[in-house]
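Grab a pencil and work through these exercises with the model open beside you. Each task comes with a stepwise solution.

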Amino acid sequence: MTTIGLPHFLIVGAALFSLGMVTVVTRRNAVGILMGVELILNAANVNFIAFNHYVAAPGTLTGQVFSIFVIVLAAAEAAIGLAIVLAIYQTFHTIDVQETSLLRE
Amino acid sequence: MAEVSPNLRAYLARLAVLGAGLLLLAGAGLAHALGYLPTLPTLLLQYAGVIGVVWGLNGFVFRRLPLSGFLLILFSAAVFGALFFIGYFLQSVAGPFLIDSAGRFIGLVHLADLAFYLLAGMTVAGAAGCAFSRNIIYSAWSLLFAFLGVAGLYIFLGADFPAAAQVLIYVGGILVLILFAIMLTKQIGEDPKLTNAHLGLPFGAALAVATLGTLTYMAVMAPWKIEPAQSWQPVSAGLGIAFLTEYLLPFEVASVVLLAALVGAVIIARKEIKETSDAVLQ
């Protein structure tokens with residue numbers, strides 16, 4: 001019998017969330033910041049599915065349904081976010097978030 | 001007896017010490033497992049064995065850093081510490097050389113536990129590579145390993161459909177999109193090693209450590225209401241039924257969101273190109 005339980009997965013999720021947060025906070029590259037957001041969404045998904053497996057009543061799939069919705073929103077976020085990055089690059093010719101502080105051209 | 005060159009003699013000495021160190025490690029471990037040796041002498045003997053292995057290996061690898069004297073002791077201590085923690089970890093997983101009261105060896109390692117630790121290690125290592133790499137391309141490739149590890153964790157939790165969706169959408173879609181964005185926004189002549197600069201990394205690392213500590217404390221200490229172990233069943237049919245009955249409205253809204261995101265991304269990204277083509281036409 002395996003000794004892996006819910007806390008193991010929650011700790012992995014916490015590590016993913018922390019690393020994603022440090023990526024979002026410290027990166028200067030806008031694409032890097034979007035990568036950090038993806039890591040944070042993955043951390044949330046790991047927690048959703050772990051809770052669904054260990055805590056929810058047998059046979060319920062609510063956590064997995066939510067994880068699918070999170071994946072869908074992550075795809076939409078990535079498409080929009082990277083399009084915005086491309087628009088920023090065309091306007092400022094850089095995607096360094098330190099230098100793109102103007103709200104208009 | 002043929003003449004032995006000093007080079008060959010040194011080589012053989014290294015090899016002999018390496019073998020002796022390995023023998024010492026295995027013998028002390030076995031003696032301890034069988035109950036002939038207390039813990040402290042075992043540790044000392046194994047430390048000596050590690051020193052021998054490190055010195056022997058140094059003849060073949062890391063030759064530009066000849067280890068001797070204090071440096072050898074220190075390096076061996078580091079290696080020994082790492083090995084000790086790995087062994088301790090494995091023992092808490094399954095006990096590699098655990099023996100029950102009847103004197104039989106209990107199974108080596110629980111394969112399921114090993115699979116979890118491998119997947120979790122891959123995930124966290126990939127995320128760490130993404131967070132700390134200096135090169136944005138390496139960050140993207142590290143993200144690949146993080147996504148694949150998370151997909152493996154989903155399978156470990158009996159969520160086959162989310163795992164497939166993770167591989168298809170994250171690895172096949174989002175990661176490719178990220179790589180496209182990196183390629184499209186790279187200035188020519190820019191040093192790729194410095195495309196991923198950090199800002200206030202110590203502060204960020206402190207924040208991450210604090211968050212990780214808090215969340216880990218909460219995860220371990222909270223009295224979760226654990227259901228009895230569930231069997232692993234395919235979930236696709238159940239998910240499909242859930243999407244088309246209980247979650248029908250969110251499902252349709254998600255479709256609209258995806259369509260809006262698609263159209264919006266196209267419009268946002270092609271604005272400037274349209275203007276330049278107008279300028280070219282004029």
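**Exercise 1.** Work out how many residues of chain B are in contact with chain A, and which helix of chain B gives the largest share.

*Solution.* Step 1: call two residues in contact if their C-beta atoms, placed from the backbone, lie within 7 Å. On that rule, 76 residues of chain B meet 65 residues of chain A. Step 2: sort the chain B side by helix (a DSSP run of H or I, at least four residues, numbered from the N terminus). Helix 9 of chain B comes out with the largest share, 12 residues. Step 3: split that side by class, and you get 54 nonpolar, 17 polar and five charged residues. Here Ala, Val, Leu, Ile, Met, Phe, Trp, Tyr, Cys and Pro are nonpolar, Asp, Glu, Lys and Arg charged, and the others, Gly among them, polar.

A quick note: this is a predicted model, where local features need pLDDT of at least 70 and side-chain atom pairs 80 or more, while totals for chains, interfaces and linings use all residues. Residues count from 1 along each chain as its sequence is written, and chains are lettered from A in the order written.

**Exercise 2.** Find out how many helices chain B has, and what percentage of its residues is buried.

*Solution.* Step 1: count the elements of chain B: nine helices and zero strands. Step 2: take a residue as buried if 20 or more other C-beta atoms, placed from the backbone, lie within 10 Å of its own. Of the 282 residues of chain B, 21% pass.

**Exercise 3.** Which residues does Ile178(B) touch?

*Solution.* Skip residues up to four places away in sequence; Ile178(B) then touches Val31(A), Leu34(A), Met35(A), Leu82(A) and Ala140(B).

Notes: Helices (H or I, at least four residues) and strands (E, at least two) are DSSP runs, numbered from the N terminus. A residue is buried if 20 or more other C-beta atoms lie within 10 Å of its own, exposed if 12 or fewer, and partly exposed in between; C-beta atoms are placed from the backbone.
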